[in-house]
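Hi,

Here is the structure I promised to pass on. Have a look at it first, and then read on for what turned up when I went through it.

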Amino acid sequence: MLMVAGTLILGDRQVSAQVCGVSLPQLISQCLEYVKIPGPKTPPSEGCCSVVKTIDVSCACNFVTPDVEKSISMDKAVYVGRTCGLKIESGTKCGSYTVPPGLKM
């Protein structure tokens, strides 16, 4: 989920790193369109979910900065993570964002 946010820190740089159990280039290429701020929530693709399922959410939350929060919709990141099967508890804190109770999938 918020792991997507962590990847945006490195945004447009060429990266081949694994962070929090996920390949950043794959995460960006497969999932960025689903967490952009403008636009509606849309279900992520199978390709996105296959990448998202490898993310360590608590690790990824350490990468959520104010700049990341300006670049992606945290609500959409939670939606993507949960839609892909990650357990993201209400009250989870990532950067200044706290997953609200009852956030709809």
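The largest nonpolar core has 29 residues, and Leu-27, Val-52 and Val-80 are the ones with the most contacts inside it. Two or more residues each come from α2, α3 (46-52), α4 (57-61) and α6 (74-83). Bear in mind that this is a predicted model.

Helix α2 is worth a closer look. Across residues 24-35, the buried positions are Leu-24, Leu-27, Cys-31, Tyr-34 and Val-35. These sit on the same side of α2, because they cover an arc of only 95° around the axis. The spacing fits the usual helix rule: an α-helix has 3.6 residues a turn, so residues three or four places apart point the same way. Turn α2 around and, on the face away from its buried side, you will find Ser-29 and Glu-33, both exposed. Leu-27, then, is on the list of buried residues in α2 and also on the list of residues with the most contacts inside the core.

Now for a loop residue. Ser-73 lies between α5 (66-71) and α6. Is Ser-73 buried or exposed? Its relative accessible area is 15%, and the cut-off for buried is under 20%, so Ser-73 counts as buried. What does Ser-73 touch, once its neighbours within four places in sequence are left aside? The answer is Val-35, Lys-36 and Ile-37. Val-35 you have already met as one of the buried residues of α2. With Ile-37, Ser-73 has a C-alpha to C-alpha separation of 4.7 Å, although the two are 36 residues apart in sequence.

Towards the other end of the numbering, try Val-99, in the segment after β4 (97-98). Val-99 has a relative accessibility of 1%, so this residue counts as buried too. From its C-alpha atom to that of Ile-88, 11 residues away along the chain, the distance is 8.0 Å.

Stepping back to the whole chain: there are six helices and four strands, and they come in the order α-β-β-α-α-α-α-α-β-β. The chain has 105 residues, of which 43% count as buried. If you take the contacts between residues at least 6 apart in sequence, 68% of them join residues at least 24 apart; the Ser-73 and Ile-37 pair, at 36 residues apart, is a handy one to display. As for the surface, the chain exposes about 5500 Å², with carbon and sulfur atoms supplying 53% of that.

Cheers

Methods
Residues numbered from 1 in each chain as written. Predicted model: local features only at pLDDT ≥ 70, side-chain atom pairs only at ≥ 80, totals over all residues. Heavy atoms only, no water. Buried < 20%, exposed > 50% of the residue type's maximum accessible area, 1.4 Å probe, protein only. Contact = heavy atoms within 4.5 Å. Areas by Shrake-Rupley, 256 points an atom, 1.4 Å probe, with all protein chains shown as cover. Arc of directions from axis to C-beta. Core = buried A, V, L, I, M, F, W, Y, C linked by side-chain atoms within 4.5 Å.
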